[in-house]
Amino acid sequence: MVDEFVRAWRAQAERGSTVTTGTTTLGEIIELLEEAYPPRLAESWDRVGLVAGDRAAPVRRVVVAVDATDAVVDHALAEGADLLVVHHPPLMKGVHSIATDTPKGRLLHRLVVGGCALFAAHTNADAARPGVNDALAEALGLTPGRPLVASGDGTVDRWVVTVPEDGVDPLLQAVFAAGAGRMSGYTECSFSVAGTGRFRPGDGTDPAIGTVGEAEEVAELRVEFVAPPELRSTVRRAVIDGHPYEVPAMDVLVNHAGPGPGPEDTGLGRVCELDEPMTLAGFTRLVADRLPATTWGVRAAGDPETEIRRVALCGGSGDSLLGAARSVGADVYLTGDLRHHVADEHLREGGPVLVDAAHWALEFPWCAQAAALLERRAGVTATVSEHRTDPWTVSAGGDAGPRR
C-alpha cells in the first residue's frame, strides 16, 4: 500500500511543470512550504517551521515523512537528503538539552552532522488547502469538502493607509509579501480612492515631502486591503517599511467578513459526501483498503448496518472535533486516537458512528502531496519515506463482531 501512494505521487509530480532554474536554497524551499502550509494556520500550541538547518544551504534532494524516527533519519541520510520534511514537530515542548544520549538530541545531531536540515509542517498542514485532510479524503476516493472547523471566526483586519500616488506600488508589494490582500482564493486585493493629504512637519522631523514648519498638501491615495488578525504586527511593519513617509497614517478596522469558498476556505477536518451510500461495515472496509496497513488496523463503533452518506474526517487525533462532526450532520466520523470513554459517551449522545484508524496511516497520504509540491515547484528530487512509523507492532485476540 505504501508503494501505491509513492506511485500516485510520482504520477502527480510528472503531470506538473518542474522548475529547473539552478540551485534551490533551503530558504527558498521554506518560502514554498510556508506558502503552501501558512504558519498562521497553525494552532497556538504548535511548533512548526525550520527545526535545524542553514537557510543559505543548497537543497537538491528532500525526503518527506510523518515522523522523524531513527529509521527515517537513517533513510534520509542514506539517500543523501539535504532536507527532511516531517509532519510531527520533534520539539513540541521546551527542552534544556539536545545531547546525543537523549532520543531527540541523537536525531538532531545525526541530521546536522549529515548536512540534512529538518522542517516540520503540522497543524498548519492540517488546515491548509490542499493539506493533510484533503490528501486523506482523496486517498479514500472522496472529494474534499468544506472544513469541519473553519480557521478562525471569519474576522479579518481591514487596513486603511494613505500614501502619495507614486508610493502605492512599493507599499502594496510590501504588504502583499507579508500575507495581506488575500480573499476567498484571490490575491493582491486592494481598493484605492484619491484625496488630499495635509500636514505641517514639526521640529525634529525628517519629512520625505515638504519642509519643516511649512504647511503641505499632497495628492494621496487612500488604500484599503484586508489581512488576517494574526498578521497584524507583520503587516504593520510592512506598511512602515514600504511607505515613503517617516510616519505613515494607518488605521486597522475589524471586518466581520466570514470565510468564503476557494483556497482560503481553510480549517481542520473535512466534510465529504459519498457518491453512493454504504454501510458502516462497508465504509470501514473502504478505509482499511485505501490506507496503508498497520498492526492497529481500522475499527468502528456503532451499528455495522448504519447507512453512511455524509463523512466527516480529521487526520491524526480528532476527538476534540466530535461535536463538530455531529453539528454538520455527518453519518460517520473518521479520525484517530479515540479513547474508550470519549467514544462511548459520544455514541450515547447520538453519534455519529465512528471509525478509528491509526494516527500515522491517516496522515501518511500527505507525504506524497508535499513531495509532489516540491518536485513540481522547486525542481528538487523529493521522495517519500516508506518506513511505517506507527509505533504499534503486535496485536492479538481481536474480535470483529458488533458491540453487544
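**Stop 1: a parallel pair of strands**

Start by selecting residues 61–65, which make up strand β4, and then add strand β5, residues 83–86. These two strands run parallel, and four bridges join them. To see one of those links, pick Val 62 in β4: its bridge partner in β5 is Leu 83. Keep in mind as you go that you are looking at a predicted model.

**Stop 2: the whole sheet**

Now widen the selection. Which strands form the open sheet, and in what order? There are five, arranged β2-β6-β5-β4-β18, and their pairing is mixed. Strands of a sheet pair through backbone hydrogen bonds, either parallel or antiparallel.

Colour β2 (49–52) and β18 (381–384) next, as these stand at the edges. Each has a single partner strand, so one side of each is left without a neighbour in the sheet. Turn the view to follow the twist, which averages 25° from one strand to the next.

With the sheet still highlighted, add helix α2, residues 26–36, which packs on the sheet. Helix α2 touches β2, β5 and β6 (117–120), and its direction makes about 10° with that of β6.

**Stop 3: helix α4 and its two faces**

Select residues 103–113 to bring up helix α4. Which of its residues are buried? They are Gly 105, Leu 107, Leu 108 and Leu 111. Look down the axis of α4: the buried residues fall within an arc of 160°, so they line one face of the helix.

What do these buried residues pack against? Show β2, α3 (70–78), β5 and β6, and you have the elements that meet them. Then rotate to the face of α4 turned away from the buried side, where you will find the exposed residues Pro 103 and Val 113. Following α4 comes Gly 115, whose phi is positive, near 75°.

**Stop 4: His 87**

Go next to the loop between β5 and α4 and select His 87. Is His 87 buried or exposed? With a relative accessibility of 0%, His 87 counts as buried.

Show what surrounds this residue. Leaving aside residues up to four places away in sequence, His 87 touches Ala 65, Val 66, Ala 121, His 122, Ala 125, Asp 126, Val 132, Glu 363 and Trp 366. Draw a line from the side chain of His 87 to the side chain of Glu 363, and you will have marked a polar contact of 3.3 Å.

**Stop 5: Arg 326**

Move on to helix α10, residues 322–327, and pick out Arg 326. This residue is partly exposed, with a relative accessible area of 32%. Which residues does Arg 326 touch, not counting those up to four places away in sequence? They are His 346, Glu 349, Gly 351 and Pro 352.

Zoom in on two of these. The side chain of Arg 326 reaches the backbone oxygen of Gly 351 at 2.8 Å. Pro 352 is 26 residues from Arg 326 in sequence, yet in space the two are 6.0 Å apart, C-alpha to C-alpha.

**Stop 6: step back to the full chain**

Finally, show everything. The secondary structure of the protein chain comes to 13 helices and 18 strands. Of its 404 residues, 46% are buried. Among contacts with a separation of 6 or more, 75% link residues 24 or more positions apart. Switch on the surface to end the tour: the accessible surface of the protein chain comes to about 20,100 Å², and 49% of that belongs to carbon and sulfur atoms.

Technical notes. Residues are numbered from 1 along each chain as its sequence is written. This is a predicted model: local features need pLDDT of at least 70, side-chain atom pairs count only at pLDDT 80 or more; totals for chains, interfaces and linings use all residues. Side-chain values use heavy atoms; hydrogens and water are left out. Two strands pair if DSSP finds at least two bridges between them. Axes are lines fitted to C-alpha atoms, for helices over the stretch in contact, and angles run from 0 to 180 degrees between N-to-C directions. Contact means heavy atoms within 4.5 Å. Buried means under 20% relative accessible area, exposed over 50%, partly exposed in between (1.4 Å probe, protein chains only). The arc is that of the directions from the helix axis to the C-beta atoms. Accessible areas come from the Shrake-Rupley method with a 1.4 Å probe; for residues, only the protein chains shown count as cover. A polar contact is a pair of N or O atoms within 3.5 Å; within protein, one must be able to donate a hydrogen and the other to accept it, and residues adjacent in sequence count only if both atoms are side-chain atoms.
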